[in-house]
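I am opening a fresh page for this model. My notes below follow the order in which I looked things up.

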Amino acid sequence: MITAERKPFDEILALVGDKKKILVAGCDTCVAICLTGGEKEAEVLASELRIKAEQDGTGAEVEHTAAIRQCEWEYLDMIADKVEAADIVVSMACGIGIQSMAEKFEPKLVVPAVDTNMLGMPQEHALWLERCGACGDCVIGETAGICPVVRCSKSLMNGPCGGSHDGKCEVTTPEKEDIECAWHLIWERLKAQGREELMIKNRPPKKWNLSSSGGPRKMVREEAKLV
Amino acid sequence: MTATEYKAGTNLEKILSEGKFAVTGECGPPKSADGSVIENKAKMLAGYVDAVNITDNQTAVVRISSIASGYTAMQNGVEPIVQMTCRDRNRLAMQADLLGAHTLGIHNCLCLTGDHLSFGNHPEARGVHDLDAINLIEMLRRMRDEKKFDCGEEMDVAPKFYIGCAENPFGDPFEFRAIRLKKKILAGADFMQTQCIFNIPKFKTWMEEVRAEGLHQEIKILAGITPLKGVGGARYMKNFVPGMDVPDEIVDRMAGVEKGPASHAEGKKLAVEMIKELAEIEGVAGVHIMAVEWEEAVPDIVEAAGLLPRPTVA
Ligand code: SF4
Ligand code: SF4
């Protein structure tokens, strides 16, 4: 799933500026599951903005709504009336949903209330871990189902580096404590699978042009096109 | 061996190829445009080491570039081994810089992954990591031996490099470390310098694995030494430097002497003892002395270890 975190309130306020009719728009898919931008969180942000508007006497009106999926045109149709009535949409969807909203209702002002941060999985309650960087050339068939692109701090194709210690990555910052070394995990799992030889051979440089380094990507499924 | 048979023909390559015990040093460029720092360090080390590593934005902190500093070192009497990390450059920039280093007369290169950006002074920068160290070694070997760029295109004049790599015998998983060295040999590394060794018994165990695979015959191994100035440095390395293994008895030994001239003397003495012990290990072809910001200790250590005069090779 796609995960996101809410932006600091002051940053949201600065984006909203002096607009008078504000719509906070959540999305009930990924960002709702990671407890950041679903209908409930949209309601909370709307009340915070309303209280602030009352305190400051700005006279701004704040509404909230949520799309079932903000990244698809038909679900945006369902909230079109509210969007049309607003001066600004404060979107709590992921970066894709926010852009869909901005494109669908162009030139409506649409600003983000969240920072979209990863393709992650809920490891346990209230904990998400990054699992994929959408690199366009998946290698995990040879790395024991563990992604070296985002789970190794240096995206090594031939790890581990010299900093791997006790199963932990050399990178430890206050935000990133106790990160597991992906290559240590890969080695252990390949051993358990009796496939160590996959780590003994040298892997060539990765083709980063298939990732975002190659420019915006596009996917067409000819066979699925409606004639 | 005639000159034409050398891969790069550097002093370091010749000494190691002739089976002489090599001594390399290390020099960290300054965090300013003051090139005289390199000049002074190079003058201090000239005649005491066979070549000197010039670090590349060491610990992810911006400094004078390794190639520019390597050139300064060369002009001041020491052969440089320029380090190149995969952290700050993509494959285009690396190849361009390597071609440039060759034209400046620099022919030793040590290929590294590089410490993570989060350790340095620009933690907000984008880490490149287009290649990893093994990819870099292979790219450099193909440039040298096949006259090919990474993309496969041919070039007229190939850059000549004696290719080095680093390995940490104390990194985990321990059982994989000798295999990783083998991967670097396969990629094309000619010599290897280890992370600083304090735990000699563990290093010996690692060398047994290396010899069991015959790797010491395929690559020249230089054992890394860092002279300690005092107990503070020993504790810091034990607790804060990733992948470092400093046994308690070393910390205790340094704690037993007064900080200052006494601890400096003890640190040098310890380094000399360790060099002598490492030189006895089968498959150790030389030592790499990393006295970063304490370069003046190197001449004393090399002399006391009986490694002077340094050999001259034609
Ligand atoms: S290798 Fe690429 S596609 Fe596969 S999990 Fe990693 S980032 Fe995703
Ligand atoms: S310690 Fe492991 S995960 Fe971290 S950068 Fe090195 S190989 Fe990658």
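How many helices and strands does chain A have? I read off nine helices and seven strands for chain A. I note before going on that the model is predicted.

**Overall form of chain A**

I looked up the extent of the C-alpha trace and found that chain A spans about 65 × 50 × 30 Å along its principal axes. I then took the radius of gyration, which is 22 Å for chain A, against near 17 Å for a compact globule of 227 residues. I looked at the domain assignment next, and for chain A it lists domain 1 as 2-118 and domain 2 as 133-213. The C-alpha centres of these two domains of chain A are 36 Å apart.

I also checked burial and contacts. Of the 227 residues in chain A, 41% count as buried. Among contacts in chain A with a separation of 6 or more, 59% are between residues 24 or more positions apart.

**Ligand 1**

Which residues are around ligand 1? I listed R131(A), C132(A), G133(A), A134(A), C135(A), C138(A), V139(A), C147(A) and V149(A). I sorted this shell by class and got seven nonpolar residues, one polar and one charged.

**Cysteines**

I went through the cysteines for disulfides and wrote down a count of zero over all chains. I took C151(B) as a case to work through. Why does C151(B) have no bond to the closest cysteine sulfur? The closest cysteine sulfur belongs to C86(B) and is 17 Å from the sulfur of C151(B), which is too far for a bond, because a disulfide needs the two sulfur atoms within 2.5 Å.

Is C151(B) buried or exposed? I have C151(B) at 58% relative accessibility, so I entered C151(B) as exposed; the cut-off for exposed is over 50%. I looked up C169(A) as well, and at 14% relative accessibility C169(A) counts as buried, since buried means under 20%.

**E54(A)**

Where is E54(A) found? I placed E54(A) in helix α3 of chain A, which covers residues 39-56. The relative accessible area of E54(A) is 62%, so I marked E54(A) as exposed. I then took the C-alpha to C-alpha distance from E54(A) to T65(A) and got 20 Å, for two residues that are eleven apart in sequence.

Conventions:
Residues are numbered from 1 along each chain as its sequence is written. Chains are lettered from A and ligands numbered from 1 in the order in which they are written. This is a predicted model: local features need pLDDT of at least 70, side-chain atom pairs count only at pLDDT 80 or more; totals for chains, interfaces and linings use all residues. Side-chain values use heavy atoms; hydrogens and water are left out. Buried means under 20% relative accessible area, exposed over 50%, partly exposed in between (1.4 Å probe, protein chains only). A residue is near a molecule or strand if one of its heavy atoms lies within 4 Å of it. Ala, Val, Leu, Ile, Met, Phe, Trp, Tyr, Cys and Pro count as nonpolar, Asp, Glu, Lys and Arg as charged, and the others, Gly among them, as polar. Domain bounds come from an automatic or database domain assignment. Helices (H or I, at least four residues) and strands (E, at least two) are DSSP runs, numbered from the N terminus. The radius of gyration is taken over C-alpha atoms; the globule rule is 2.2 Å times the number of residues to the power 0.38. Contact means heavy atoms within 4.5 Å.
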